[in-house]
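Here is an informal walk through one protein model, taken a piece at a time. Keep the viewer open as you read.

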Amino acid sequence: MVATTALAIVSVCLRLTGVELRSRGPVLLTLSGWILCTLSSWAVVVTVGAWAPLWVGIAAGLLSFPFSLIWKSRMMLVVADVLTVGATASAAAPPVGAARVTALAIGVPVVWLLLERLAKGAGPRQRVTVRWACAAMLIAGSLKVLSVPHDPLRPLVSYLPFAGIGQVCAGEQIRLSTGAVAWLDLNATSDTGPAALFFHGNDPRGSRQPSACAIRRALAAAGFVVLSVDHPGYGLSPPPNTDGDVEDWDPRRTGLAALRVLSIELGYDRIVLVGHSMGNREVLRLLEDSRAGAGFLLGAAFRTDPPSRDDYWYDRFHQTRRLTDRVSRPEWRRIVDAYYSTRSLVASLGVDHQPVVLTHFGFEWGNVRAGRDSLAESLPGRKTVYHLRASTHYLSSFQVWRYLIADTRVTRRLSQQLQTLAGQMN
């Protein structure tokens, strides 16, 4: 609710600033005003959960500006708002329902016209104060977005026109029998499937890290019911006891518990296993389970780091799991060799497992790029390699406060590939 309110305030600031610029004489200022006005309507549609690219709002402003020079009636504002709402809703993933689009197309222009009338009714000093405050908030927000650490493989400016914005994913929290936490995302149109079990990458936020949220959005857009598992020590899942045995660190039990929820408690009989980065190991662990319908590996590779990197990985092992006590170096090595060796997991697979789709990203870390082909060659059984060329290892995504910002093209293309996979299972 707080995040939605914040985005609504941004929408108002965009509108009031746009109104001020639109009334100025110079062409560039007038054009900028129209773009900000249409972006305000784009932002309103985003507040209802639409995942639409930024360029839709910009294009609506560019298209409305020349018509406004010919048709100077205030109805041009209404036309621009309706155009923006319709274009944003049609470009959204998942799509916005017809009833909601109609309500927005009627409500948004009315609200904006009332807001502009109220702004005009204020005294000159109040109007100037409000407009300067709105402009200052927009500038401060833009600087905040640019200063937040984002995907290191690709600068924001390279995909900003295609960026979508939405709240960081939540879902229904489920406590597994192992004590780990999972998040259930039901299909917006149906709760009958197909179903996917998702395992995230190496980020302390677990299933709610930006790349995981982008993948969960793609799965939802493809029509999947999704159960996302927080790896032990990540997200809200408690870490293993550092004083316990090596067997206590086995993550397979958590994966099996999640499979049990989807198959027995929720009644799904063919489940797609989806893994990203570190989560690919969880898919490989469960690939021969009879309940698995297919495996989908994102950014999987054999990673070979020199011994000089051991200090880094030893420290990160504890940092990402937020462990206050440390396991000994020999114990850490036994845990890693037993449960986090991709080579060992691939070597243990037979040829009769379910089909696997390996997704390679166009913008990738060097050590992943160097080892992904050898993993694809070593993996036995049926497999397909799919290239998601526009994406980085992190799905061109990052987080600002409670919002996810990511490249909508990546989400759409990944969703299309997942839809194809779901069709092959039926």
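## A small open sheet

Let's start with a pairing: strand 1 and strand 11 (residues 403-407) run antiparallel and are joined by 5 bridges. If you want a spot to click on, take Ala163, whose bridge partner in strand 11 is Asp407. Bear in mind throughout that this is a predicted model.

Zooming out, these strands belong to an open sheet of 3 strands, in the order 1-11-10, with antiparallel pairing. Strand 1 (163-167) and strand 10 (397-400) are the edge strands; each has a single partner strand, so one side of each is left without a neighbour in the sheet. From one strand to the next, the twist averages 25°.

## Helix 1, between sheet and helix

What lies across strand 1 and strand 11? That would be helix 1, which runs at about 65° to strand 11.

Helix 1 (residues 2-22) also meets helix 5 (residues 98-121): their axes come within 11 Å and cross at roughly 60°. That angle makes helix 1 oblique to helix 5. As for handedness, helix 1 passes helix 5 in a right-handed crossing. On the helix 1 side, the residues in contact are Ser11, Val12, Arg15, Leu16, Val19 and Arg22, and they meet Trp112, Leu115, Glu116 and Ala119 in helix 5. Sorted by class, this contact has 6 nonpolar, 1 polar and 3 charged residues.

## Helix 2 on helix 5

Helix 5 has another crossing to look at, with helix 2 (residues 27-47): here the axes come within 11 Å and cross at roughly 130°. Helix 2 is therefore oblique to helix 5. The crossing of helix 2 and helix 5 is right-handed.

Who makes the contact between helix 2 and helix 5? From helix 2 come Ser40, Ser41, Val44 and Val45, while helix 5 supplies Leu104, Val108 and Trp112. By class, that gives 5 nonpolar, 2 polar and no charged residues. Trp112 is worth a click, as it is listed in the contact with helix 1 and also in the contact with helix 2.

## Strand 6, hemmed in

Is strand 6 (residues 271-276) buried or exposed? Buried: 6 of the 6 residues are, so strand 6 is largely enclosed by the rest of the structure. In a regular strand, side chains alternate between the two faces of the sheet. Here, Ile271, Leu273 and Gly275 point one way, Val272, Val274 and His276 point the other way, and all are buried.

Now for the partners. Strand 4 (residues 195-199) pairs with strand 6 in the parallel sense over 5 bridges, and the bridge partner of Leu197 in strand 6 is Leu273. Strand 7 (residues 292-298) pairs with strand 6 too, in the parallel sense and over 6 bridges. For that pairing, try His276, whose bridge partner in strand 7 is Leu298.

## A proline in a loop

To finish, look at the loop between helix 4 (75-91) and helix 5, where Pro95 sits. Pro95 has a relative accessible area of 64%. Exposed means over 50%, so with 64% Pro95 counts as exposed.

For a sense of distance, compare Pro95 with Arg372: they are 277 residues apart in sequence and 34 Å apart in space, C-alpha to C-alpha.

Terms used
Residues numbered from 1 in each chain as written. Predicted model: local features only at pLDDT ≥ 70, side-chain atom pairs only at ≥ 80, totals over all residues. Heavy atoms only, no water. Axes fitted to C-alpha atoms, helices over the stretch in contact; angles between N-to-C directions. Helix = DSSP H or I, 4+ residues; strand = E, 2+ residues; numbered from the N terminus. Parallel < 35°, antiparallel > 145°, perpendicular 65-115°, else oblique. Left-handed = near helix turned anticlockwise from the far one by under 90°. Contact = heavy atoms within 4.5 Å. Nonpolar A, V, L, I, M, F, W, Y, C, P; charged D, E, K, R; others polar. Pairing = 2+ DSSP bridges. Buried < 20%, exposed > 50% of the residue type's maximum accessible area, 1.4 Å probe, protein only.
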